[in-house]
Amino acid sequence: QVQLVESGGTLVQAGDSLRLSCAASGGTVSSYVMGWFRQAPGKEREFVAAISKSGGTTYFADSVEGRFTISKDNAKNTVYLQMNGLKSEDTAVYYCAAGWGPITREIMTPGWYSYWGQGTQVTVSS
């Protein structure tokens with residue numbers, strides 16, 4: 001059982017950059033496929049990005065491609081989501097997730113992941 005704690009969410013202006021962190025305990029991030037999802041009020045939880053166990057492969061939603069980067073720091077047992085060029089539509093609660101199944105298109109769905117953090121709020125003011 002791995003525990004995940006997100007941090008770094010805050011209020012920013014459109015065009016700003018922000019880095020979210022997901023600190024893991026009770027397990028190592030290198031043992032899991034790690035994902036970031038977000039959920040805005042009244043909307044379903046949507047896929048943002050994912051990174052393979054080794055960190056060698058990353059995946060991004062079309063809406064964030066070219067703006068966001070996901071990475072792992074195994075020494076710190078932490079996963080990051082670097083968000084650049086933020087837009088108002090990026091406003092949401094951002095969740096970190098961990099899963100251990102084979103990588104398929106299903107990693108873009110919340111149900112694929114076994115463990116979730118509590119979320120951190122990102123608000124982008126236009």
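This passage describes the overall build of the protein and then turns to two of its residues, K72 and A61.

The structure is a predicted model, in which local features need pLDDT of at least 70 and side-chain atom pairs count only at pLDDT 80 or more, while totals for chains, interfaces and linings use all residues. Residues are numbered from 1 along each chain as its sequence is written, and side-chain values use heavy atoms, with hydrogens and water left out.

A good place to begin is the fold as a whole. The protein has 11 strands and zero helices; here strands (E, at least two residues) and helices (H or I, at least four) are DSSP runs, numbered from the N terminus. Along the sequence the pattern accordingly reads β-β-β-β-β-β-β-β-β-β-β. The C-alpha trace spans about 40 × 30 × 25 Å along its principal axes. The radius of gyration, 13 Å, agrees with the value near 14 Å for a compact globule of 126 residues; the radius is taken over C-alpha atoms, and the globule rule is 2.2 Å times the number of residues to the power 0.38.

Of the 126 residues, 44% count as buried, meaning under 20% relative accessible area with a 1.4 Å probe, protein chains only. The accessible surface comes to about 6,100 Å², of which 48% belongs to carbon and sulfur atoms; areas come from the Shrake-Rupley method with a 1.4 Å probe. Among contacts (heavy atoms within 4.5 Å) with a separation of 6 or more, 58% are accounted for by residues 24 or more positions apart.

With that picture in place, K72 can be introduced. K72 lies in strand β7 and is buried, yet has no salt bridge, that is, no side-chain nitrogen of Lys or Arg within 4 Å of a carboxyl oxygen of Asp or Glu. The nearest side chain of opposite charge, D73, is 11 Å away, where Lys and Arg count as positive and Asp and Glu as negative, with His and the chain ends not counted. The side chain of K72 does reach backbone oxygens: that of Y32 lies 2.6 Å from one of its polar atoms, and that of K53 is reached at 2.9 Å. Leaving aside neighbours within four places in sequence, the contacts of K72 include V29, M34, I51, T78 and V79.

A61 offers a second view. A61 sits in the loop between β6 (58-60) and β7 (68-73), and is buried, because its relative accessible area is 13%. Beyond its neighbours within four places in sequence, A61 is in contact with F47 and V48. The C-alpha atoms of A61 and Y80, 19 residues apart along the chain, are separated by 16 Å.

Conventions: Buried means under 20% relative accessible area, exposed over 50%, partly exposed in between (1.4 Å probe, protein chains only). A polar contact is a pair of N or O atoms within 3.5 Å; within protein, one must be able to donate a hydrogen and the other to accept it, and residues adjacent in sequence count only if both atoms are side-chain atoms.
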